[in-house]
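Me: Got a minute to walk through this one with me? I'd like to get a feel for the fold before I set anything up.

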Amino acid sequence: MQIDILGKVREKKLSYNNTLLPLFEAIVNSIHAIEEDSATKPGLIEVELLRSKQKEISFEGKEVLYPITDFIVTDNGIGFNDTNFESFNFAHSTYKIDKGGKGIGRITWLRAFDRAKIESVFKHNGTFQKRTFSFEQTKRGIENHKIEDIAEPNPKRYTKIHLNNLKEDYQKWCNSKSEDIALKIIEHCFSYFLDENCPRIIIEDEANQIVANDLFGKYTKQSVIKKEVVVNNNNFQLDIVKLYSPKPDNKIHFRAHKREVYSQKISDYIPEIQKFFTDENSEDFSICVYVSGQFLDDKVNEERTEISFSKQNSIFPDEVTEEEITSKIIEQIKESFKSYIEEFSANRVNRVKEFVKDHPRYRYLLKYKSDELRHISSTLPDSKLEIELFKIQQKLELEILSEAEERLNDIEQNDTEKVFSDELYNKITEVGSAKLAEYVLHRKKILELLDLQLRKSNEGKYSKEDSVHQLIFPLRKTSDDISLEEHNLWIIDERLAFHDYLASDTTFKAIKQTTSNSTKETDIIVFNKPHILNEDEKPYSSIVIVEFKRPMRDDYTDKENPISQINKYARELLENKALDKNGRPFDLRQGTPLYAYIVCDLTIRMRQFAEEQNFTVLPDNDGYFNFNKNYNLYIEIISFDKLIKDSKKRNKVLFEKLNLPTT
């Protein structure tokens, strides 16, 4: 029966991440040729890299390399004698079935390359012959076949496989650096490198030369831990290796017939591990686990890209699922590197613990999502760490919400046996408490920041009005622009957080909802305009005016008297010259109270204004108050010191609950 090679090539797919598989197949064929009894010893395999004339683009001083277009693999094995050539002519040949040969590895050559050119000198009936041919994407596959006798008595035996013209779409996926290719060869042929009779494999890249065997010794330091696991009567051999390579591995490599099929990231199962471990000599290494066994040999597909593991709940007792073997491997890794993993785990958890000291809203994750926290790298900056914690937090809150809704639905359906469990109740409580804790900590930091704003700078200057203003409420904003969490009016009075409308740092004339022409700016310079805050729906129960002054200001003129400013603002409101946010007059009932806060430092000039207008000093001497019955206006002058001190007192019990200092 004839085989259409072109059709076979079209049938067999080769993914881009397996671009080097044709090279691996050629190298393994060379190893098999050297393993023959009559082959030349010791074995030698040379891999030559040929590059294009078109340079890759270099960025930021990185190394410039030509793209690889060809590989030439030369060995001193038994060669393409008649038996080997006949086997090559048959797809699915069983000639090397005992070595795991599928008879189709060469098909991958033509998936990635235009052709393979073969040249071989071998011994035939006591004499030597040279065979040349090309393997191409034609119906026959074998083209330009020639064989000739060699008169030379003892010629050098060799076989050269020239994988010619790597297709452009595969070039993009091919490793460019020769050392990376050497490492990939080691990775794929790891079992062969463990054998003391492994052929010497040399990678030649123009003037550079790398001996893969030496690289293997350098990067493994012969630190191979051999283990065996049994899964459903199937034996699997594990080679656990410390890899002292600058590029971390940390993978499980599944092998069939001594060749890698695919790999898994160990971090998917042991999230605590970092890129590198550090040994007793302070040298960095990663780990790789190579798995082999008859089960894998039997279950690998023709292309050696997949292993047909059993599905869950198989009726056959000797079958193995991928989860079962992986679980056994992970157990061995955890046992072999227990102390390292425990240290990594502690580092990750401690990193989160340190972070939640300043972000207590995530604290309960340590209790309910500790396993997921171990997935987070301990080297993440705070900004990225918070993103990861936020994701976990959202997941937990959705779980709690779903479970709570389910329980409530059961109760509504009179299913009295299903009630809120203690665990669910605790979760709901702790989620709420954590968010409150975050808010309390936010308050503590705001007060500390305000305290700093009021101090004299290194240049001997005090902060201007806008610094204090911005901290308590954003400049030039209204209540339509910001949310409750974006301002800190609670510093002045907790009730100010709840209002109907607010305008910040804006004259009456500048507010589009007002008909007032007031342009009083001579006394406000940087920021000295009021915030108008309204409680409830119309008719308003009260209106509050807040006026800030620059810390330690003592150069007020009579015209800049803050008390007079407040009186002028009150007249604007009472005479209905100002409109609300909907463009309607402020509908004030008879006797609607007006409140005003003047927040400033009690300098000599400020105390004079208060005393001249018959204000009463507060018992602590940190402020004044007065009531203007003509406007039904209560005015309180609060010093910055009193503002901070009183706010700390109001929040004291909350700070103490979080073990935060209250002084």
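Reply: Sure, here is a quick tour by question and answer.

Me: Where does this model come from, and what's the average pLDDT of the protein chain?
Reply: It's a predicted model. The protein chain averages a pLDDT of 79, and 75% of the residues score at least 70.

Me: Which residues have pLDDT under 50?
Reply: One such stretch is residues 92-103, where pLDDT stays under 50 and the model has 33 contacts beyond four places in sequence. Residues 519-531 are also below 50, and that stretch has 56 contacts in the model beyond near neighbours in sequence.

Me: OK, noted. How many helices and strands does the protein chain have?
Reply: There are 19 helices and 20 strands in the protein chain. Of its 663 residues, 49% are buried. As for contacts between residues at least 6 apart in sequence, 66% of them join residues at least 24 apart.

Me: Let's talk sheets. What's the strand order in the open sheet of eight strands?
Reply: The order is 5-4-3-6-2-1-7-8, with mixed pairing. Strand 5 (142-150) and strand 8 (208-211) are the edge strands, each pairing on one side only. On average, neighbouring strands are turned by 15° against each other, direction ignored.

Me: Strand 6 caught my eye. Is it mostly covered or mostly uncovered?
Reply: Mostly covered: seven of the nine residues in strand 6 (residues 158-166) are buried.

Me: And how many bridges join strand 3 to strand 6?
Reply: Eight, with strand 3 (residues 113-124) and strand 6 running antiparallel. Within that pairing, serine 120 stands opposite threonine 159, and glutamate 119 stands opposite lysine 160.

Me: What about strand 2, in which sense does it pair with strand 6?
Reply: Antiparallel again: strand 2 (residues 68-75) pairs with strand 6 over five bridges. Lysine 160 turns up here too, as the bridge partner of threonine 74. So lysine 160 of strand 6 faces glutamate 119 and is also bridged to threonine 74, and as background, strands of a sheet pair through backbone hydrogen bonds, either parallel or antiparallel.

Me: Back to strand 3 for a second. Is valine 121 buried or exposed?
Reply: Valine 121, which lies in strand 3, counts as buried because its relative accessibility is 4%, and the cut-off for buried is under 20%.

Me: What is valine 121 in contact with, leaving aside its neighbours within four places in sequence?
Reply: Phe128, Gln129, Lys130, Ile150, Pro155, Lys156, Arg157 and Tyr158. Take proline 155 from that list: valine 121 and proline 155 are 34 residues apart in sequence, and their C-alpha atoms are 8.0 Å apart in space.

Me: Switching to helices. Which strands does helix 2 lie across?
Reply: Helix 2 (residues 21-35) lies across strand 1 (44-51), strand 2, strand 3, strand 6 and strand 7 (200-205), and runs at about 5° to strand 2. Helix 8 packs on the sheet as well, touching strand 7 and strand 8, and its direction makes about 60° with that of strand 8.

Me: At what angle do the axes of helix 6 and helix 8 cross?
Reply: Roughly 80°, with the axes of helix 6 (residues 178-188) and helix 8 (residues 212-220) coming within 10 Å. The two helices are therefore roughly perpendicular to each other.

Me: Which residues make that contact?
Reply: From helix 6 you have Glu179, Ala182, Leu183 and Ile186, and from helix 8 Ala212, Leu215, Phe216 and Tyr219. By type, they divide into seven nonpolar, no polar and one charged.

Me: Last topic, backbone torsions. Where is asparagine 232 found, and what's its phi?
Reply: Asparagine 232 is in the loop between strand 9 (224-231) and strand 10 (234-243), and its phi is near 50°, a positive value in a residue other than glycine. Most residues other than glycine have a negative phi.

Me: And asparagine 233, what does phi look like there?
Reply: Positive too, at about 70°, although asparagine 233 is not a glycine. Asparagine 233 is found in the loop between strand 9 and strand 10.

Me: Is asparagine 233 buried or exposed?
Reply: Exposed, because its relative accessibility is 63%. Asparagine 232 is partly exposed, with a relative accessible area of 30%.

Terms used. Residues numbered from 1 in each chain as written. Predicted model: local features only at pLDDT ≥ 70, side-chain atom pairs only at ≥ 80, totals over all residues. Heavy atoms only, no water. Buried < 20%, exposed > 50% of the residue type's maximum accessible area, 1.4 Å probe, protein only. Helix = DSSP H or I, 4+ residues; strand = E, 2+ residues; numbered from the N terminus. Pairing = 2+ DSSP bridges. Axes fitted to C-alpha atoms, helices over the stretch in contact; angles between N-to-C directions. Parallel < 35°, antiparallel > 145°, perpendicular 65-115°, else oblique. Contact = heavy atoms within 4.5 Å. Nonpolar A, V, L, I, M, F, W, Y, C, P; charged D, E, K, R; others polar. pLDDT = per-residue confidence, 0-100.
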